[in-house]
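Please look at the sequence and the structure together, and keep both in view while reading the paragraphs that follow.

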Amino acid sequence: DPMLSAVGIGVSDLAKSTDFYVNVMGMEMIRSYHLDYMDEEALGYPEAESYIVLMHWTDGSQRAYKDLPVKLVTRTKDPKALQEKIRAAGYEITREYAPSAQVGGSAVGLAKDPDGYVLELLPLRAAAPPPAAEPPKPN
């Protein structure tokens, strides 16, 4: 079955973005790639099934890295604490974490990463209830 494995985003400073996603957002380094035209860092949360790939072109080509219309959504046990960690690291909070009538009352917070990509902070999804047990069959 198909599934989204990774999404790549261009970054202006690979070391700074890697530091942000590892030390502020809590991701882990999965793998580094050093190609003849770009360097990449693949990052993910522990036990994740999808990853973010930070890409920085090294071939001298001009690339637009700042304030592109990209949103990365993160679910966490404590979105408010993650928001405060982002703020403490000196990054912009564009919407304080709080319930929003525009999304059916769900709580959401917004921040920006080093290149201005939007980070949407959401709580973990509630675990799905176990399937109902089938009634015993008569003998």
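In this predicted model, a good place to begin is S17, which, once its neighbours within four places in sequence are set aside, is in contact with V11, L54, P114 and D115. The residue S17 belongs to helix α1, and because its relative accessible area is 1%, which is under the 20% limit, S17 counts as buried.

The helix that holds S17 leads on to the sheet, since helix α1, made of residues 14-24, lies across β1, β2, β3 and β4 and runs at about 0° to β3. These strands form an open sheet of 4 strands in the order β1-β4-β3-β2, and the pairing is mixed. At the edges are β1 (6-10) and β2, each of which pairs on one side only, while the twist from one strand to the next averages 20°.

In general, the strands of a sheet pair through backbone hydrogen bonds, and they may do so in a parallel or an antiparallel way. Here, β1 pairs with β4 (residues 51-57) in the parallel sense, over 5 bridges, and V7 stands opposite I52 in β4.

On the surface, the reader can find a nonpolar patch formed by Y33, L35 and Y37, which together have about 250 Å² of accessible area. Of these residues, L35 is located in the loop that lies between β2 (28-34) and β3 (38-44). Because the relative accessible area of L35 is 35%, a value between the limits of 20% and 50%, L35 is described as partly exposed, whereas S17 in the helix is buried.

Terms used: Residues numbered from 1 in each chain as written. Predicted model: local features only at pLDDT ≥ 70, side-chain atom pairs only at ≥ 80, totals over all residues. Heavy atoms only, no water. Patch = residues over 30% accessible without salt bridge, like charges linked within 9 Å, V, L, I, M, F, W, Y side chains within 5 Å. Areas by Shrake-Rupley, 256 points an atom, 1.4 Å probe, with all protein chains shown as cover. Salt bridge = Lys/Arg side-chain N within 4 Å of Asp/Glu carboxyl O. Helix = DSSP H or I, 4+ residues; strand = E, 2+ residues; numbered from the N terminus. Buried < 20%, exposed > 50% of the residue type's maximum accessible area, 1.4 Å probe, protein only. Pairing = 2+ DSSP bridges. Axes fitted to C-alpha atoms, helices over the stretch in contact; angles between N-to-C directions. Contact = heavy atoms within 4.5 Å.
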